[in-house]
Amino acid sequence: MRPVIPYVTAALLFGLGVYGVLRRRNAVLVLMGVELMLNAVNLILITADTTTRALLPHSGQVFALFVIVLAAAEIGVGLAIVLQLYRMRASVAVDEVPLDTVPTDEVPMDKVPLEGQR
């Protein structure tokens, strides 16, 4: 098997993912760009595993499985962050997120009363 086609496809997928992360303003589309990059890495791992004779058999497939698990965890945490951002700001635009200020409608963690201190 010629590994050129999967490698070129993976490079195109990774480039499209980088473009999605750098140019999109919607947080969901940024997460989709990250998923494209992770899928490109999976394609490279599987292609390298099938075309080379490694010391450990099927090591590329095992790493690809770990990347899939990592991607599932990343989507779960990422969507939770996006939902919380939408609840607080009513927008999921990445450019509108103030990174240097604390929202005024939230109580700081040191001011939250503990269970016996009401």
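**Close-up views of a predicted helical model**

**View 1. Leu 29 in helix H2.** Leu 29 is partly exposed, at a relative accessible area of 34% (buried is under 20%, exposed over 50%, partly exposed in between; 1.4 Å probe, protein chains only). Leu 29 belongs to helix H2. The model is predicted, so local features need pLDDT of at least 70 and side-chain atom pairs pLDDT 80 or more, while totals for chains, interfaces and linings use all residues. Residues are numbered from 1 along each chain as its sequence is written, and side-chain values use heavy atoms, with hydrogens and water left out.

**View 2. The nonpolar surface patch.** Leu 29 joins Val 28, Met 32 and Leu 79 in a nonpolar patch on the surface, with about 320 Å² of accessible area together (Shrake-Rupley method, 1.4 Å probe; for residues, only the protein chains shown count as cover). Patch residues have over 30% relative accessible area and no salt bridge, nonpolar side chains (Val, Leu, Ile, Met, Phe, Trp, Tyr) being joined within 5 Å and like charges within 9 Å. A salt bridge is a side-chain nitrogen of Lys or Arg within 4 Å of a carboxyl oxygen of Asp or Glu. Helix H2 (residues 27-51) gives the most to this patch, with three residues.

**View 3. Helices H2 and H3.** The axes of H2 and helix H3 (residues 59-89) come within 8 Å and cross at roughly 175° (lines fitted to C-alpha atoms over the stretch in contact; angles run from 0 to 180 degrees between N-to-C directions). H2 and H3 are therefore roughly antiparallel (over 145 degrees). Their contact has 15 nonpolar, five polar and three charged residues (nonpolar: Ala, Val, Leu, Ile, Met, Phe, Trp, Tyr, Cys and Pro; charged: Asp, Glu, Lys and Arg; polar: the others, Gly among them).

**View 4. The protein chain.** The chain has three helices and zero strands (DSSP runs, numbered from the N terminus: helices H or I, at least four residues; strands E, at least two). Of its 118 residues, 20% count as buried.

Terms used
Parallel < 35°, antiparallel > 145°, perpendicular 65-115°, else oblique.
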